[in-house]
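Here is my note on the structure, set out as numbered points that can be checked one at a time beside the coordinates.

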Amino acid sequence: MSEAPRASDPQHQLEATLVSATGGYLRNTLRIPGETCLICTTTVNSGDTYCWPCASHRSAGSDRPTADYVGILTYAIESSQSHYVMRGYKAPQPVRVKEHWNIVSLLCFVGLWHHMRCVEQLAGRRITHWATVPSLPAKSGEHPLHALVRPMLSRLPELALTAATKTAAPRAFRADHFRAVGSLPPGSHVLVIDDTWTSGGHAQSAALTARRAGATTVSVLSLARYFKPTYGDNKEFIAKHLTRDYDPTWCPWTDDGSCSS
């Protein structure tokens, strides 16, 4: 696990604020072999390693098209507060809920603070650049996720991504969905940040774009994994496994939930 910060640390105080505000409804994602996808943490058919979308992304034609590492902080359970928060933070102003914006900001900040070092150690390579996944098709103005992340990672250069203005299949995994502004030097490690993983097509398309821009390593950190209780045995999975309050120190990258740093 990550080394516990002192109670007086500002980061620890923010962590405590996050847990106090969301512990009753946020739940850490789980990688359980044979029960959940080892990439995106959704439930799978008994004994499977990957869900169908992740398996199809991995089998795509080009060499290493998808992210080397995927970490997801929490589940956005449909028709629950966790889902409302992930939708509400990016609602157009003045509809946007300030509380939702604050919670997603805390979730992102605490997640980056605890776990950037984890994926760096897993990859054996420091993160050199960051990117956020744009809306698809492209929308005018700054995406709320980009506005939220930009000050948190200002010490690192950004790999800016632009989205296609038209697409027939926005959730598909496609190389032409995004374009990188500029190229990357050899040895680059790009951290791609997404807000909600549904099928993974957006995040993995962004990862492919970063790789084609020259990234040696691509890691994806998604703040939430969309989860539908009415699908398959998900209701039983929630009742059995998603019973503990959100723990910010639970590593989103590793299969056993423990940090490598």
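1. Ser205 lies in helix α6, and in this predicted model the residue counts as buried because its relative accessibility is 0%, where buried stands for anything under 20%. Leaving aside residues up to four places away in sequence, Ser205 touches Ala172, Phe173, Arg174, His177 and Phe178.

2. How many of the 12 residues of α6 are buried? The count is 10, so the helix is largely enclosed by the rest of the structure. The buried set is made up of Gly201, Ala203, Gln204, Ser205, Ala206, Ala207, Leu208, Thr209, Ala210 and Arg211. These buried residues pack against α2, β1, β3, β4 (178-180), β5 and β6, which places both helical and strand elements among the partners of α6.

3. The length of α6 can be checked against what is expected of a helix: at 1.5 Å a residue its 12 residues should span 16 Å, and the end C-alpha atoms are indeed 16 Å apart, so the two values agree. After α6 comes Gly214, which has a positive phi, near 120°.

4. The same check can be made on helix α4 (residues 98-123), whose 26 residues should span 38 Å at 1.5 Å a residue, while its end C-alpha atoms are 36 Å apart, which agrees. A reader following the axis of α4 should note, however, that the helix bends by about 45° at His115. Just after α4, Gly124 takes a positive phi of about 65°.

5. Which residues of helix α7 (residues 234-241) are buried? They are Asn234, Phe237 and Ile238, and when the helix is seen down its axis these buried residues fall within an arc of 100°, so they line one face of α7. An α-helix has 3.6 residues a turn, so residues three or four places apart point the same way. Lys235, Ala239 and Lys240, on the other side of α7, are exposed, whereas the buried residues of the helix pack against β1 (69-77) and β6 (217-227).

6. The largest pocket has a volume of about 890 Å³, and of the 36 residues that line the pocket, the closest to its centre are Lys90, Ser135, Lys139, His143 and Asp195. Two or more residues of the lining come from each of α3 (81-88), α5 (144-149), β3 (161-163), β5 (189-197) and α6 (201-212). Of these elements, β5 gives the most to the lining, with four residues. Helix α6, described above as largely enclosed because 10 of its 12 residues are buried, is therefore to be looked at both as a packed helix and as one of the elements that line this pocket.

7. The pocket should be kept apart from the enclosed space in the model, where the count comes to one cavity of 30 Å³ or more. The largest cavity has a volume of about 30 Å³, and its lining consists of Leu26, Ser82, Val85, Met86, Ile103, Val104 and Leu107. Helices α3 and α4 each supply at least two residues of that lining, and α3 also gives two or more residues to the lining of the largest pocket.

8. Some backbone details deserve a look by eye. The peptide bond from Leu136 to Pro137 is cis, with omega near 0°, and Pro137 lies in the loop between β2 (129-132) and α5. Two residues other than glycine have a positive phi: Thr41, near 70°, and Ser79, near 65°.

9. Are Thr41 and Ser79 buried or exposed? Thr41, in the loop between α1 and α2, counts as buried because its relative accessibility is 0%. Ser79, in the loop between β1 and α3, is exposed, since its relative accessible area is 54% and the limit for exposed is over 50%.

10. The loop between α1 (10-22) and α2 (52-58) also holds Gly47, which is exposed, with a relative accessible area of 58%. Gly47 and Arg27 are 20 residues apart along the chain, and their C-alpha atoms are separated by 23 Å.

Technical notes
Residues are numbered from 1 along each chain as its sequence is written. This is a predicted model: local features need pLDDT of at least 70, side-chain atom pairs count only at pLDDT 80 or more; totals for chains, interfaces and linings use all residues. Side-chain values use heavy atoms; hydrogens and water are left out. The expected span of a helix is 1.5 Å times one less than its number of residues. The bend at a residue is the angle between axes fitted to the seven residues ending there and the seven starting there. Buried means under 20% relative accessible area, exposed over 50%, partly exposed in between (1.4 Å probe, protein chains only). The arc is that of the directions from the helix axis to the C-beta atoms. Contact means heavy atoms within 4.5 Å. On a 1 Å grid over the protein atoms alone, a cavity is a set of points where a 1.4 Å probe fits but cannot get out, and a pocket is an open set with protein on both sides within 12 Å along at least five of seven lines; lining residues have an atom within 4 Å of a point. Grid points are joined across faces, edges and corners, and a volume is the space filled by probe spheres set on the points.
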